[in-house]
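Subject: Structure handover

Hello,

Here is the structure I promised, with my notes below it. Please read them with the model open.

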Amino acid sequence: MSKLTKNQKLALGKIEAGKAYTLKEASALVKEITTSKFDASVDVDVRLGVDPRKANQMVRGVVSLPHGTGKQVRVLALCTPDKEAEATAAGADYVGLDEYIDKIKGGWTDIDVIITMPSIMGKIGALGRVLGPRGLMPNPKSGTVTNEIGNAVKEVKQGKIDFKVDKTGIVHTSIGKVSFNADQIRDNAKEFISTLLKLKPSAAKGTYIKSIYLSSTMSAGIKIDPKSVEEN
């Protein structure tokens, strides 16, 4: 295990062992404890009291972050020719159909999100082996399979993200950058966690949100008191 640098030791010293911070406190503290020289992502990890192996306890959804994600999202719009101008005007980085399907079959995945239309899913199904493991397969539940191509592209570009609980019961996502101010980090985290609360499965019993941690790339996690999320 590598030794901690002086800055890392100072950062760790700012986190009080065993303390559950308010979301407001954590949003400011995560900026203080980040020592990376690049603009690190700010991440939220939420452990849920669900059993993801049961279909009626699966938690999956989408959320539009008030201040965006802080990163450039590369969007591919796989659409019919009559929708290409709409997708381009909305800000899609790549627009087309068969030529991009062939590129993906050849291993090209230099994109973050694919948006397509219901009528085209038959063609895209054959790309499952390439897109599935990379989390790039379009899905109606995440709003990436729609005839409203322009709106879908705009929403993704403006900060719409989709998330899903993993097999251990944890939902992990990035909600911004360390360069955001503390209020922006708090607003984005609050919107994400509030969305999770709305998605609580009726079959889930006991404590739904078991723990929340806020961190940045390579920083330590800051424990958050779930009750503080609804505070002003």
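Five residues of helix α2 are buried: Leu23, Ala26, Ser27, Leu29 and Val30. They pack against α8, β8 (209-216) and β9 (222-224). Keep in mind throughout that this is a predicted model.

The helix pair comes next. α2 covers residues 23-32 and α8 covers residues 182-198. Their axes lie 8 Å apart, and the packing angle is about 125°. That angle makes α2 oblique to α8. The crossing of the two helices is right-handed. On the α2 side, the contact uses Leu23, Lys24, Ser27, Ala28, Val30 and Lys31. On the α8 side, Ala182, Ile185, Arg186, Ala189 and Lys190 take part. By class, the residues of this contact are six nonpolar, one polar and four charged. Leu23, Ser27 and Val30 appear both among the buried residues of α2 and in the contact with α8.

Now the antiparallel sheet. Four strands form it, in the order β7-β1-β8-β9, and the sheet is open. β7 and β9 are the edge strands. Each has a single partner, so one side of each lacks a neighbour in the sheet. From one strand to the next, the twist averages 25°. Three bridges pair β8 with β9 in the antiparallel sense. Look at Leu214 there: its bridge partner in β9 is Ile222. Helix α8 packs on this sheet too, where it touches β1 (41-48), β7 and β8. The direction of α8 makes about 155° with that of β7. So α8 has α2 as a packing partner as well as this sheet.

One residue of β7 deserves a look. Thr173 sits in that strand, which spans residues 170-177. Is Thr173 buried or exposed? Its relative accessible area is 9%, under the 20% cut-off, so Thr173 counts as buried. Sequence neighbours within four places aside, Thr173 contacts Val42, Asp43, Val44, Ile161 and Phe192.

There is also a parallel sheet. Three strands make it up, in the order β4-β3-β5, and it is open as well. β4 (94-96) and β5 (113-116) are at the edges. Each pairs with a single strand, so each has one side without a neighbour in the sheet. Neighbouring strands are turned by 15° against each other on average, direction ignored. Strand β3 (residues 75-78) runs parallel to β5, and four bridges join them. Leu76 is opposite Ile114 of β5.

Which helices pack on this parallel sheet? One is α4 (residues 98-105), which touches β3, β4 and β5. Its direction makes about 115° with that of β4. Another is α7 (residues 149-157), which touches β3 and β5. The direction of α7 makes about 165° with that of β5.

Last, a loop residue. Gly106 lies in the loop between α4 and β5. Its relative accessible area is 68%, over the 50% cut-off, so Gly106 counts as exposed. Between Gly106 and Asp45 there are 34 Å in space, C-alpha to C-alpha. In sequence, Gly106 and Asp45 are 61 residues apart.

Best wishes

Technical notes:
Residues are numbered from 1 along each chain as its sequence is written. This is a predicted model: local features need pLDDT of at least 70, side-chain atom pairs count only at pLDDT 80 or more; totals for chains, interfaces and linings use all residues. Side-chain values use heavy atoms; hydrogens and water are left out. Axes are lines fitted to C-alpha atoms, for helices over the stretch in contact, and angles run from 0 to 180 degrees between N-to-C directions. Angles under 35 degrees count as roughly parallel, over 145 as roughly antiparallel, 65 to 115 as roughly perpendicular and the rest as oblique. A crossing is left-handed if the near helix is turned anticlockwise from the far one by less than a right angle, and right-handed if clockwise. Contact means heavy atoms within 4.5 Å. Ala, Val, Leu, Ile, Met, Phe, Trp, Tyr, Cys and Pro count as nonpolar, Asp, Glu, Lys and Arg as charged, and the others, Gly among them, as polar. Two strands pair if DSSP finds at least two bridges between them. Buried means under 20% relative accessible area, exposed over 50%, partly exposed in between (1.4 Å probe, protein chains only).
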